[in-house]
Amino acid sequence: RMGIFGTYMSAVFIMLFLIFFSLFNYLNIDFMHVFDHYFVMLPSVFIIRAFGVPVQVISRETVRIQGVEDMDVVIGGPCSGLYSMFLLIATIVAYTRVEVVERKTALLLLAIAVVVAYIANLVRVSILYTVGFLYGNEVMMFVHAHLGWMIFVVVVMLFLSTLNRLSRSQPNKKHDKK
């Protein structure tokens, strides 16, 4: 079962990665830059401005923060949070292929996972801006190195716990055959 889980998880992640990063690039679809600008940078700038942190958008993927030190922060590529979103989607799909979870429930959890991953990334980027403003570039980069995976672990734990409870409440038809 662990091998099946790993196979599904890897296949789903690779498929999503190939579509969004390779196919779109090959077809000259500017998805990543548009996503980074409109769905990550601008909303996170709006959030931290609401908390009184002065930040300026100076280009498509760059903001200027003038706190304890002036710095330009580039939001792009891995900062989009798509890797984490893809991993979360892949984890849920793999789990629902190994354990019994109703299709409707699995689809609902996938939709919720996309929203939660998106919001978690906005929180992450907003925290990074704020840390940069308050403590400077060096501390921000330290936090940057660890904050993403810590948030991801908490989110995955919550989803796997939910999936585990849901699969236990349903008859296990897949594994009753001997």
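This text walks through a pair of strands and then a group of aromatic rings in a predicted model.

A convenient place to begin is the antiparallel pairing of strand β2, residues 62-66, with strand β3, where 5 bridges join the two. The connection between β2 and β3 is a hairpin of 3 residues, and across the pairing I65 stands opposite M71 of β3. In a regular strand the side chains alternate between the two faces of the sheet. Strand β3, residues 70-74, shows such an alternation: M71 and V73 point to one face and are buried, whereas D70, D72 and V74 point to the other face and are not buried.

The aromatic residues can be followed in a similar way, starting from the count of 13 aromatic pairs. In one of these, the rings of F24 and F31 have centres 5.6 Å apart and planes at 75°, and because an angle over 60 degrees counts as edge-to-face, the pair is described that way. F24 has a relative accessibility of 18% and therefore counts as buried, while F31, with a relative accessible area of 21%, is partly exposed.

The rings of F35 and F39, by contrast, have centres 5.4 Å apart and planes at 20°, so this pair is stacked. Both F35 and F39 belong to helix α2, residues 31-50, where they are 4 residues apart, about one turn of the helix. F35 counts as buried at 10% relative accessibility, and F39 counts as partly exposed at 41%.

These four residues also belong to a wider cluster, in which ring pairs link F24, F31, F35 and F39 with F13, F17, F20, F21, Y83, F86 and Y118.

Technical notes. Residues numbered from 1 in each chain as written. Predicted model: local features only at pLDDT ≥ 70, side-chain atom pairs only at ≥ 80, totals over all residues. Heavy atoms only, no water. Buried < 20%, exposed > 50% of the residue type's maximum accessible area, 1.4 Å probe, protein only. Pairing = 2+ DSSP bridges. Phe/Tyr/Trp six-rings, centres within 6.5 Å; stacked < 30°, edge-to-face > 60°.
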